[in-house]
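The following exercises practise the reading of a protein model, from helix packing to sheets and single residues. Please attempt each task before reading its solution.

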Amino acid sequence: MSAPEGTTVHSGGNWAASAAHRLKRKRRVGALRKMATTLPMCVVDYMDTTKSPEEEDIAAAIRAVRGRLGDKVLILGHHYQRDGIVEHADYIGDSFMLSQKAADSEATTIVFCGVHFMAESADVLTHDKQAVLMPTLRAGCSMADMATLEEVERDWPTMLERGGWSDPALRADPSAPADANDAFLVPVTYMNSSAALKDFVGRHGGVVCTSSNARGVLEWAFERAGERGAVLFFPDQHLGRNTGLKMGLEEDRMPVWIPAMGASSGLDDARIVLWHGFCSVHKRFTAEQISEFRTRHPEGVVVVHPECPRATVEAADADGSTEYIKRFIDAQPPGSSIAVGTEINMVARMAKEHPDKHIECLDAEVCPCSTMYMIHPAYLLDVLERLEAGELPNQVVVPASVQEGALLALERMLSIIE
Ligand code: SF4
């Protein structure tokens, strides 16, 4: 079957069903504060688990083809995927957990329901006979796109020169611990980056991090930088800054590097150089939203993702990866009120799983990740059907020239236990 255009949950063909749906949605919005987005062409109610007949047909067809394919296929679903996708996933998790599941799997085909950089990492970590497919190759990540290999390779020599640092690639062992007086610039890339950048990082003695292990990875990198050295952290400035602050670094030792322009302040005393990237979803959460929630729920608690700005993280009660947020919510007692600063599909799912707790998204206007939302169940069905027919559609193949360095950077990450 052909895949539909991505984001409309309820098709426009059945007006009676649409009207009934709108009525039901109005009632729920009163009880569950504004977990809906108004888009020009449709209204998406993230709390509504009912399916249209078309959606039921697609889900049944996915279950059937999935059953026929058996253990040959592993379906991975990120926490930010819509319910119609995660109901078919063998594992649901963050990018770190899912990359480990891909690495441990014996399935011949992995269907990655997430964004492109995640599927690339899975391809690097799996063996050559395994294929990694995506329901649609258009699902990228705007943050990952904020640091390209061309930009980093162009700015790298300037950074080294302005900071008075050396390139770890020039050492006999680029990832060996440094001597006290060494001054290397060690690149650390967030998982949310292209395989080409991970390769750059691997070749220059650096390492990948996720929001689950950023602190342990930074400690590892500082040991390789030397006391006069520094870390280049990219693409997400907020995760780098928030982690550096937790490690006791002052903000003025973490200048922001604007591509092609240079640093926001001098590099003389810099310990972390933060690339000017950010997540457009998590940037929306603010300290003002937290104060507003606390006024309505004085006993409530707030948990946010560390991709949020510094002021938001500092105003929250806790911050961590999506896996951490899930555990945090699970641990709150019945009757708790919890505001969550992360992507709406995950927040709404947690609210449905915990009807004994009041869970709301910190941003009343709601913030879906538009690229995660491109993974529609019809695309998943299309890929599975074509796989059954002997095709390998939408395969993500990391070029051999990039595999080696990217694998090095990922394996360094997997070896670091926080
Ligand atoms: S939520 Fe942000 S970081 Fe995650 S995939 Fe979407 S744009 Fe990228």
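## Exercise 1: Two helix pairs

Helix α5 (residues 116-125) and helix α15 (residues 400-415) pack with their axes 9 Å apart, at an angle of about 95°. The model is a predicted one, in which local features need pLDDT of at least 70 and side-chain atom pairs count only at pLDDT 80 or more, while totals for chains, interfaces and linings use all residues. Residues are numbered from 1 along each chain as its sequence is written.

**Task.** Classify the angle between α5 and α15, and describe the residues of their contact.

**Solution.**
Step 1. Helices are DSSP runs of H or I with at least four residues, strands are runs of E with at least two, and both are numbered from the N terminus. Axes are lines fitted to C-alpha atoms, for helices over the stretch in contact, and angles run from 0 to 180 degrees between N-to-C directions.
Step 2. Angles under 35 degrees count as roughly parallel, over 145 as roughly antiparallel, 65 to 115 as roughly perpendicular and the rest as oblique. The angle therefore makes α5 roughly perpendicular to α15.
Step 3. Residues are in contact if their C-beta atoms, placed from the backbone, lie within 7 Å. From α5, the residues S121, V124 and L125 meet Q403, A406, L407 and L410 of α15.
Step 4. Ala, Val, Leu, Ile, Met, Phe, Trp, Tyr, Cys and Pro count as nonpolar, Asp, Glu, Lys and Arg as charged, and the others, Gly among them, as polar. The contact of α5 with α15 has five nonpolar, two polar and no charged residues.

**Task.** Repeat the analysis for helix α8 (residues 214-225) and helix α9 (residues 237-246).

**Solution.**
Step 1. The axes of α8 and α9 cross at roughly 75° and come within 10 Å. This makes α8 roughly perpendicular to α9.
Step 2. A214, R215 and L218 of α8 meet L239, T243 and K246 of α9. By class, this contact of α8 with α9 has three nonpolar, one polar and two charged residues.

## Exercise 2: Two open sheets

**Task.** In the sheet β4-β3-β5-β6, which strands stand at the edges, and why is one side of each left without a neighbour?

**Solution.**
Step 1. Two strands pair if DSSP finds at least two bridges between them. In the order β4-β3-β5-β6, four strands form an open sheet with parallel pairing.
Step 2. The edges are β4 (91-93) and β6 (131-133); each has a single partner strand, so one side of each lacks a neighbour in the sheet. Direction ignored, neighbouring strands of this sheet are turned by 25° against each other on average.
Step 3. Strand β3 (residues 73-78) pairs with β4 in the parallel sense over three bridges, and H78 stands opposite G93 in β4.
Step 4. Helix α14 (residues 377-388) lies across β3, β5 (109-113) and β6, and runs at about 170° to β5.

**Task.** Describe the sheet that contains β7, and the helices that lie across its strands.

**Solution.**
Step 1. Six strands form an open sheet in the order β8-β7-β9-β12-β10-β11, with mixed pairing. Its edge strands, β8 (207-209) and β11 (262-263), each pair on one side only.
Step 2. Strand β10 (residues 256-258) and β11 pair in the antiparallel sense over two bridges; I258 stands opposite G262 in β11.
Step 3. Helix α6 (residues 149-163) lies across β7 (185-190), β9 (230-234), β10 and β12 (272-275), at about 135° to β7. Helix α8 lies across β7, β8 and β9, running at about 165° to β7.

## Exercise 3: Ligand shell and backbone

**Task.** How many residues surround the ligand, and which are the closest?

**Solution.**
Step 1. A residue is near a molecule or strand if its C-beta atom, placed from the backbone, lies within 6 Å of it. The ligand is surrounded by 13 residues, the closest being C141, M143, C279, V281 and C369.
Step 2. The shell around the ligand divides into eight nonpolar, four polar and one charged residue.

**Task.** Where are P235 and A260 found?

**Solution.**
Step 1. Most residues other than glycine have a negative phi, and most peptide bonds are trans.
Step 2. P235 is found in the loop between β9 and α9, and a cis peptide bond with omega of about 0° joins F234 and P235.
Step 3. A260 is found in the loop between β10 and β11; its phi is near 70°, a positive value in a residue other than glycine.

Definitions and conventions. Contact = placed C-beta atoms within 7 Å.
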